Amino acid sequence: MIKSIIVLSCLVAIVSCEAELKVEKLFVPEVCANKSKNGDMLTMHYTGTLTDGSKFDSSLDRDQPFSFQIGSGQVIKGWDQGLLDMCVGEKRKLTIPPSLGYGDRGAGNVIPGGATLIFEVELLDIGNSHPTTNVFKEIDENHDNQLSREEVSEYLKKQMVAVEGQETEEVKNMLKEHDKLVEEIFQHEDKDKNGLISHDEFSGPKHDEL
Ligand SMILES: [Ca+2]
Ligand SMILES: [Ca+2]
């Protein structure tokens with residue numbers, strides 16, 4: 001009787017041990033003013049592999065970072081738990097048991113059921129939880145409730161760099177086309193053609209609460 005209880009508790013221990021998420025810090029930047037917490041919008045690069053080393057997905061191959069809100073169930077549990085308290089620029093290796101990944105079902109035809117997932121991730125940016133609220137206010141540097149060409153231009157440049165994180169061909173082309181883009185925006189938004197986009201004219205998100 002006692003023997004079987006010990007065996008049972010050992011089994012439980014093995015199961016819970018296997019179900020543990022492993023987080024290895026591969027790189028931690030010296031300067032870290034802000035650490036990720038639940039509700040933050042995180043922008044990451046990641047590469048996911050199975051335990052046999054085969055790669056099933058990587059944002060690097062697409063050259064397109066991935067953004068999501070942490071702690072809201074948008075991603076697998078292993079990510080929600082394993083990417084907390086992380087600095088911008090930090091790199092981690094997550095070893096995620098199936099219970100915190102895609103479970104017994106797997107995902108698509110790339111992740112078999114019961115797979116342990118290994119992710120190498122880099123945190124590129126931590127944003128606030130409502131990145132789309134009041135873009136007008138964000139663009140309006142001098143708070144005069146009008147958007148000038150300079151303000152729109154600066155904002156677009158910031159967005160491009162923030163999204164890509166680095167100067168890719170795409171960003172270079174966009175920067176080249178940048179003046180044209182600003183003109184297009186003004187043609188569309190500056191209804192009375194006075195060279196400024198007023199709060200009423202602006203068609204993007206401009207309210208504090210959606
Ligand atoms: Ca302004
Ligand atoms: Ca106007």
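Val-182 counts as partly exposed, because 17 C-beta neighbours lie inside 10 Å of this residue, and a residue needs 20 or more to be called buried. Its place is in helix α7. Keep in mind as you look around that this is a predicted model.

What does Val-182 touch, once you leave aside its neighbours within four places in sequence? It is in contact with Arg-149, Val-152, Ser-153 and Leu-156. Take Leu-156 from that list: it sits 26 residues away from Val-182 along the chain, yet the two C-alpha atoms are separated by 8.3 Å. There's a handy bit of background for reading helices here: an α-helix has 3.6 residues a turn, so residues three or four places apart point the same way.

Helix α7 itself runs over residues 178-189. You can check its length with a quick sum: at 1.5 Å a residue, its 12 residues should span 16 Å, and the end C-alpha atoms are indeed 16 Å apart, so the two agree. As for cover, α7 has hardly any: one of its 12 residues is buried.

**The whole chain**

Now zoom out. The protein chain has seven helices and eight strands. Of its 210 residues, 17% count as buried. Look at contacts with a separation of 6 or more, and 64% of them join residues 24 or more positions apart.

How far can you trust the picture? The average pLDDT of the protein chain is 85, and 83% of the residues score at least 70. Residues 1-17 are another story: pLDDT stays under 50 there, and the model has zero contacts for them beyond four places in sequence. Where pLDDT is low, the predicted coordinates should not be read in detail.

**Strand β5 and its partners**

Strand β5 covers residues 91-96, and it's a nice one to follow by eye. Which of its side chains are buried, and which are not? They alternate: Arg-92, Leu-94 and Ile-96 point to one face and are buried, while Lys-91, Lys-93 and Thr-95 point to the other and are not.

β5 pairs with β1 in the antiparallel sense over five bridges. Within that pairing, Val-23 stands opposite Leu-94, and the bridge partner of Lys-22 is Thr-95. Strand β1 (residues 22-27) lies largely in the open, because zero of its six residues are buried.

β5 also pairs with β6, again in the antiparallel sense, over six bridges. Here Ile-96 has Leu-117 of β6 as its bridge partner.

**Two nonpolar cores**

The largest nonpolar core holds 17 residues, and Leu-83, Ile-96, Val-121 and Leu-123 touch the most other members. The elements that give two or more residues to this core are β2 (41-50), β5 and β6 (117-127). β6 gives the most, with five residues.

Try clicking on Val-121. Not counting residues up to four places away in sequence, Val-121 touches Met-44, His-45, Tyr-46, Leu-83, Lys-91, Arg-92 and Leu-94. There is also a second, separate core of six residues, which includes Phe-136, Ile-139, Leu-147 and Ile-197.

**Residues in loops**

Ile-76 is in the loop between β4 (66-69) and α3 (77-82). Buried or exposed? Ile-76 is buried, because 20 other C-beta atoms lie within 10 Å. Leaving aside neighbours within four places in sequence, Ile-76 is in contact with Ile-96, Leu-100, Gly-101 and Tyr-102. Pro-98 is 22 residues from Ile-76 in sequence, and their C-alpha atoms are 9.8 Å apart in space.

Two aspartates deserve a look for their backbone angles. Most residues other than glycine have a negative phi, and most peptide bonds are trans. Asp-63, although not a glycine, has a positive phi of about 55 degrees. Asp-85 is not a glycine either, and its phi is positive at about 60 degrees. Asp-63 is in the loop between α2 (59-62) and β4, whereas Asp-85 is in the loop between α3 and β5.

Here are the neighbour counts of four residues from this tour:

| Residue | C-beta neighbours inside 10 Å | Status |
|---|---|---|
| Ile-76 | 20 C-beta atoms | buried |
| Val-182 | 17 C-beta atoms | partly exposed |
| Asp-63 | 14 C-beta atoms | partly exposed |
| Asp-85 | 10 C-beta atoms | exposed |

Terms used. Residues numbered from 1 in each chain as written. Chains lettered and ligands numbered in written order. Predicted model: local features only at pLDDT ≥ 70, side-chain atom pairs only at ≥ 80, totals over all residues. Helix = DSSP H or I, 4+ residues; strand = E, 2+ residues; numbered from the N terminus. Contact = placed C-beta atoms within 7 Å. Pairing = 2+ DSSP bridges. Core = buried A, V, L, I, M, F, W, Y, C linked by C-beta atoms within 7 Å. Expected span 1.5 Å × (residues − 1). pLDDT = per-residue confidence, 0-100.
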